[in-house]
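Q: I have a new protein chain open on my screen and would like to learn how to read it. Could you take me through it step by step?

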Amino acid sequence: MAHSEKLNSTTERFPSKVSASFNGASEAHRAADRLLQAEDVVREQVVVIAPEDGAVDSKLQPEARAIEGTFFRKHIAFGLSGLAAGLVLATVAISWGPDVFTGSPFLSTIAITWVTFLSSLMVAGALTLRMDHDMVTNHALRAADEGKYLVVAHARSGAEKRRFAEELKPEATATASTL
């Protein structure tokens, strides 16, 4: 498993995506049909978005509930890990540390545990923000403003995302993808 796929462990079935813009509807539908011809691709993975489509949000993020699940699951796991790490660090600091820790073990435990807990929650937040999805969202908005059709392919893995990107890139006017 690649490093980026380990960090991207989510409750979503399709955590990555590729978008490609096309000048016309027929070009976009032909590109989408080519993606769907692969035997392991299911219909819900590939959508065509027209410039005037009112359901852009749900087509770009069809698994909004799964994203929420990922958010809460990562925060709980990282928060508990931060608490455990803080208690271990506090125990070590109080047992063998300088006088500032050994002189006030209760306050030292609270301070060290609080800092590691908050730090771990910040890391969980950074991992669940999914700022890489902004590239696809901005691409979709630009395509709609320019009157172009968009093909969005939701991928299960990094390898599938790269395969989709290679297939869409030659005929698209522009492409964007998540990390």
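A: Gladly! Let's begin with a term we will need: a residue is called buried when its relative accessible area is under 20%, exposed when over 50%, and partly exposed in between. Please keep in mind that this is a predicted model. In this chain of 179 residues, 37% count as buried.

Q: Which helices and strands should I look for, and in what pattern do they follow along the sequence?
A: Look for eight helices and four strands. From start to end, the pattern reads α-β-α-β-α-α-α-α-α-β-α-β.

Q: How do I read the radius of gyration of the chain?
A: Set the value beside that of a compact globule. With 179 residues, such a globule would be near 16 Å, but this chain has 22 Å. The box filled by the C-alpha atoms adds to the picture: along the principal axes, it is roughly 75 × 35 × 25 Å.

Q: What percentage of the contacts join residues at least 24 apart?
A: A contact means heavy atoms within 4.5 Å. If we take contacts between residues at least 6 apart in sequence, 80% of them join residues at least 24 apart.

Q: What can I say about the surface and the charges?
A: The accessible surface comes to about 10300 Å², and carbon and sulfur atoms account for 63% of that. As for charges, the chain has 18 positive and 21 negative ones, and the mean positions of the two groups are 3 Å apart.

Q: Which residues of helix 8 are buried?
A: Helix 8 covers residues 158-168, and its buried residues are Gly158, Glu160, Lys161, Phe164 and Leu168. They lie on the same side of helix 8, because they cover an arc of only 160° around the axis.

Q: Ala165 is in helix 8 too. Is Ala165 buried or partly exposed?
A: Ala165 has a relative accessible area of 27%, so it is partly exposed. You can also use Ala165 to practise distances: Thr102 is 63 residues away in sequence, and the two C-alpha atoms are 57 Å apart in space.

Q: Where is His139, and is it buried or exposed?
A: His139 sits in helix 7, and its relative accessibility is 3%, so it counts as buried. To see what surrounds a residue, skip its neighbours up to four places away in sequence and list what it touches. For His139, that gives Ser19, Ala20, Ser21, Leu150, Ala174, Thr175 and Ala176. Ser177 is 38 residues along the chain from His139, with 9.2 Å between their C-alpha atoms.

Q: What about a residue in a loop, such as Lys148?
A: Lys148 is in the loop that runs between helix 7 (133-145) and strand 3 (149-155). With a relative accessible area of 18%, Lys148 is buried. Leaving out neighbours within four places in sequence, Lys148 is in contact with Ser21, Phe22, Asn23, Ile49, Pro51, Ala143 and Thr173.

Q: How far apart in space are Lys148 and Ala50?
A: Their C-alpha atoms are 7.1 Å apart, although 98 residues separate Ala50 from Lys148 in sequence. Ala50 is found in the loop between strand 2 (46-49) and helix 3 (56-60), and it is buried at 18% relative accessible area. Now try another pair: Lys148 and Arg65 are 83 residues apart in sequence, and their C-alpha atoms are 29 Å apart.

Conventions:
Residues numbered from 1 in each chain as written. Predicted model: local features only at pLDDT ≥ 70, side-chain atom pairs only at ≥ 80, totals over all residues. Heavy atoms only, no water. Helix = DSSP H or I, 4+ residues; strand = E, 2+ residues; numbered from the N terminus. Rg over C-alpha atoms; globule rule 2.2 N^0.38 Å. Buried < 20%, exposed > 50% of the residue type's maximum accessible area, 1.4 Å probe, protein only. Areas by Shrake-Rupley, 256 points an atom, 1.4 Å probe, with all protein chains shown as cover. Lys, Arg positive; Asp, Glu negative; His and termini not counted. Charge placed at Lys NZ, Arg CZ, Asp CG, Glu CD. Arc of directions from axis to C-beta.
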